[in-house]
Amino acid sequence: QVQLVESGGGLVQPGGSLRLSCAASGSIFSILRMDWYRQAPGQRELVAFITSGGITNYADSVKGRFTISRENAKNTVYLQMNSLKPEDTAVYYCNAHVQTTMTSPTFSYWGQGTQVTVSS
């Protein structure tokens with residue numbers, strides 16, 4: 001079993017910054033990719049992802065403002081969010097694509113979500 005624990009959400013004023021963290025633990029052989037999604041009422045969006053090799057990709061809505069990074073040794077992914085806007089308000093979820101053994105297929109695991117609210 002694999003568990004993902006997110007932290008770092010909260011209330012911030014427009015233009016401010018937050019850093020989200022997501023730590024994976026449990027039966028992990030390798031994590032091929034880690035993603036950040038966000039869920040606002042009626043809308044779900046893949047915000048960013050990073051592969052085990054460090055390849056990153058961002059939604060157009062956050063390019064130039066958000067930075068995803070990871071510490072492979074700690075099975076942890078981060079999302080640095082700068083220049084936050086009210087439209088960034090959402091619940092942010094971490095998703096990890098995990099192999100539990102060398103020969104197992106890849107399964108997707110989700111964190112519990114962390115609320116980010118951008119408001120003055």
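**Exercise 1. Work out the strand order of the open sheet in this predicted model, and say which strands stand at its edges.**

Step 1. Take the pairings one by one. E1 is joined to strand E3 (residues 18-26) by 6 bridges, and the two run antiparallel. Within this pair, Leu4 stands opposite Ala24 of E3.

Step 2. E3 is in turn joined to E8 by 6 bridges, again antiparallel. Here Cys22 faces Val77 in E8.

Step 3. E8 also pairs with E7 in the antiparallel sense, over 6 bridges. Arg70 is the residue opposite Val77 on this side.

Step 4. Chain the pairs together: the 4 strands form an open sheet in the order E1-E3-E8-E7, with antiparallel pairing. Strand E1 (2-7) and strand E7 (66-71) each have a single partner strand, so they are the edges, and one side of each is left without a neighbour in the sheet. On average, neighbouring strands are turned by 15° against each other, direction ignored.

**Exercise 2. Describe the connection between E7 and E8.**

Step 1. The two strands form a hairpin, with 4 residues between them.

Step 2. Check the backbone of the turn: Asn75 has a positive phi of about 50°.

**Exercise 3. Decide whether E8 is enclosed or open, and place Leu79 in the nonpolar core.**

Step 1. Count burial, using the cut-off of under 20% relative accessible area. In E8, 5 of the 6 residues are buried, so the strand is largely enclosed by the rest of the structure.

Step 2. Look at the core. The largest nonpolar core has 31 residues, and Leu79 is among those with the most contacts inside it, together with Trp36, Met81 and Tyr92.

Step 3. Find the contributors. Elements giving two or more residues include E1, E3, E7 and E8, while E9 gives the most, with 5 residues.

Step 4. List the contacts of Leu79 beyond four places in sequence. Among them are Leu18, Leu20, Trp36, Val47, Phe66, Ile68 and Tyr92. In soluble globular proteins, nonpolar side chains tend to be buried together.

**Exercise 4. Determine whether Asp88 is buried or exposed, and find what its side chain reaches.**

Step 1. Locate the residue: Asp88 lies in the loop between strand E8 (76-81) and strand E9 (90-99).

Step 2. Apply the under 20% cut-off. Asp88 has a relative accessible area of 1%, so it is buried.

Step 3. Look for a polar partner. The Asp88 side chain reaches the backbone nitrogen of Lys85 at 2.8 Å.

Step 4. Add the contacts of Asp88 outside four places in sequence: Arg38, Arg65, Phe66, Ser83, Val116 and Val118.

Key
Residues are numbered from 1 along each chain as its sequence is written. This is a predicted model: local features need pLDDT of at least 70, side-chain atom pairs count only at pLDDT 80 or more; totals for chains, interfaces and linings use all residues. Side-chain values use heavy atoms; hydrogens and water are left out. Buried means under 20% relative accessible area, exposed over 50%, partly exposed in between (1.4 Å probe, protein chains only). A polar contact is a pair of N or O atoms within 3.5 Å; within protein, one must be able to donate a hydrogen and the other to accept it, and residues adjacent in sequence count only if both atoms are side-chain atoms. Contact means heavy atoms within 4.5 Å. Two strands pair if DSSP finds at least two bridges between them. Axes are lines fitted to C-alpha atoms, for helices over the stretch in contact, and angles run from 0 to 180 degrees between N-to-C directions. A nonpolar core is a set of buried Ala, Val, Leu, Ile, Met, Phe, Trp, Tyr and Cys residues joined through side-chain atoms within 4.5 Å.
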